[in-house]
Amino acid sequence: MENRTSWIIAAAGTDAVRTREAGLTCLHLCTQLSLEGRFVPLAHPASARGDFLGITDSGGVPRGCDLFAAEAVSAAQERGCAGIMADFERPLLQELTAALDRETHRAGLPLLIPLPLAEYAPNACIIADTAISGGSLEERFSELLRRFGRGRVAAQLVCSCADFPLPCANPNGTPLSPDEFRQLLHRTGSTVFFSRELCAKYFTYSDGEHAHFVLFDDADTLHTKARLLRGLGISRLLAVYPDACRMGLLTPVQKR
């Protein structure tokens, strides 16, 4: 059985209700950095007490970073949230990230931010992706723990699938939809292998001109990653609602 207390699941509407009923922490992506550069609530969850308030990025230019941070903290406190997650990665948002870090630290609220902006938030918990195409997942997160400390590293588990022509300069490859993946595997008849270093499954094929390497996750690999990360001492694991269902953390409602 997975220890559910450390999971943070991004969900909305009835999915958020089911997440909370299952005893999992919900991430409500219900606020935004607007195109005008201001803090804007997008929705009002029925209940968010003990959950995380998520801030998405519309691509706007921040106006008044300190005011934005104060409004975000106030919104989280009014809802009884346990923390804030800022879904920011643009370099332009360095000053806003720093303001959020100061304000949440002053208020005693945990702040989660993606790894690329870590240097601008010395008090925040960084979120690192577990979908890698090279190296070792264990070594990657061991290095992050040495750099930031055990309480400041969270991991995002995503059921990803990508096709890499060899050689490939793009570390992310070409994403494949579930249907594209199934059709490709059926058409090539390839044998599937498991990579202990990447904690992911893969197969290879040739299109007649190039060799290809297809790297993908499923419920088994996500469970393997979760066990590895917990063994390293990482206490916060993030996933989206569909992937939480794949792992059996939640039972999806069957469509009629």
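# Notebook: contacts, helix packing and cysteines

I began with K225 and listed its contacts beyond four places in sequence: T130, A131, L137, L157, L198, C199 and D217. The model I am working from is a predicted one. I placed K225 in helix α6, which covers residues 219-232. Is K225 buried or exposed? Its relative accessibility is 1%, so I entered K225 as buried.

**Helices α4 and α6**

K225 came up again when I turned to the packing of α6 against α4, since K225 is among the α6 residues in that contact. Helix α4 spans residues 137-148, and I read an angle of about 35° between α4 and α6, with the axes 10 Å apart. I noted the crossing of α4 and α6 as right-handed. On the α4 side the contact residues are L137, E138, F141, S142 and L145. On the α6 side I listed K225, L228, L229 and L232. Sorted by class, the α4-α6 contact holds six nonpolar residues, one polar and two charged. L137 thus appears in my notes as a contact of K225 and as part of the α4 side of this packing.

**Helices α2 and α3**

Next I looked up the pair α2 (residues 65-78) and α3 (residues 94-107). Their axes lie 8 Å apart, and the packing angle is about 45°. Because of that angle I filed α2 as oblique to α3. The crossing of α2 and α3 is right-handed. From α2, the contact takes in C65, D66, F68, A69, A70, A72, V73 and Q77. From α3, it takes in E95, L96, A99, L100, R102, E103, T104 and A107. By class I recorded ten nonpolar, two polar and four charged residues for the contact of α2 with α3.

**L111**

L111 sits in strand β6, residues 111-114. With 3% relative accessibility, L111 counts as buried. Setting aside residues within four places in sequence, I found L111 in contact with I84, A86, L100, D101, T104, A124 and C125. Two of these names, L100 and T104, I had already written down for the α3 side of the α2 contact. I also checked L111 against A121: the two are ten residues apart in sequence, and their C-alpha atoms are 8.8 Å apart.

**D87**

D87 is in the loop between β5 (83-86) and α3. I marked D87 as partly exposed, because its relative accessible area is 34%. Which residues does D87 touch, not counting those up to four places away in sequence? I found I55, T56, D57 and P114. D87 and Q32 are 55 residues apart along the chain, with 9.3 Å between their C-alpha atoms.

**T191**

I located T191 in the loop between α5 (178-188) and β11 (193-195). T191 is exposed, at 51% relative accessible area. Beyond four places in sequence, T191 is in contact with Y202 and F203. I then took the pair T191 and C161, 30 residues apart along the chain, and noted a C-alpha separation of 16 Å.

**Cysteines**

How many disulfides does a search of the whole structure find? I got zero. C81 is in no disulfide, and its nearest cysteine sulfur, in C30, is 6.9 Å away. At 9% relative accessibility, C81 goes down as buried. For C199, the closest cysteine sulfur is that of C159, at 14 Å, so the two are too far apart for a bond. C199 is buried as well, with a relative accessible area of 2%. I had met C199 before, as one of the contacts of K225.

**Backbone**

C199 belongs to the loop between β11 and β12 (200-206). I noted a positive phi of about 55° for C199, although this residue is not a glycine. Where did I find a cis peptide bond? One joins L166 and P167, with omega at about -5°. P167 is in the loop between β9 (161-166) and β10 (174-175).

Methods
Residues numbered from 1 in each chain as written. Predicted model: local features only at pLDDT ≥ 70, side-chain atom pairs only at ≥ 80, totals over all residues. Heavy atoms only, no water. Axes fitted to C-alpha atoms, helices over the stretch in contact; angles between N-to-C directions. Helix = DSSP H or I, 4+ residues; strand = E, 2+ residues; numbered from the N terminus. Parallel < 35°, antiparallel > 145°, perpendicular 65-115°, else oblique. Left-handed = near helix turned anticlockwise from the far one by under 90°. Contact = heavy atoms within 4.5 Å. Nonpolar A, V, L, I, M, F, W, Y, C, P; charged D, E, K, R; others polar. Buried < 20%, exposed > 50% of the residue type's maximum accessible area, 1.4 Å probe, protein only. Disulfide = S-S within 2.5 Å.
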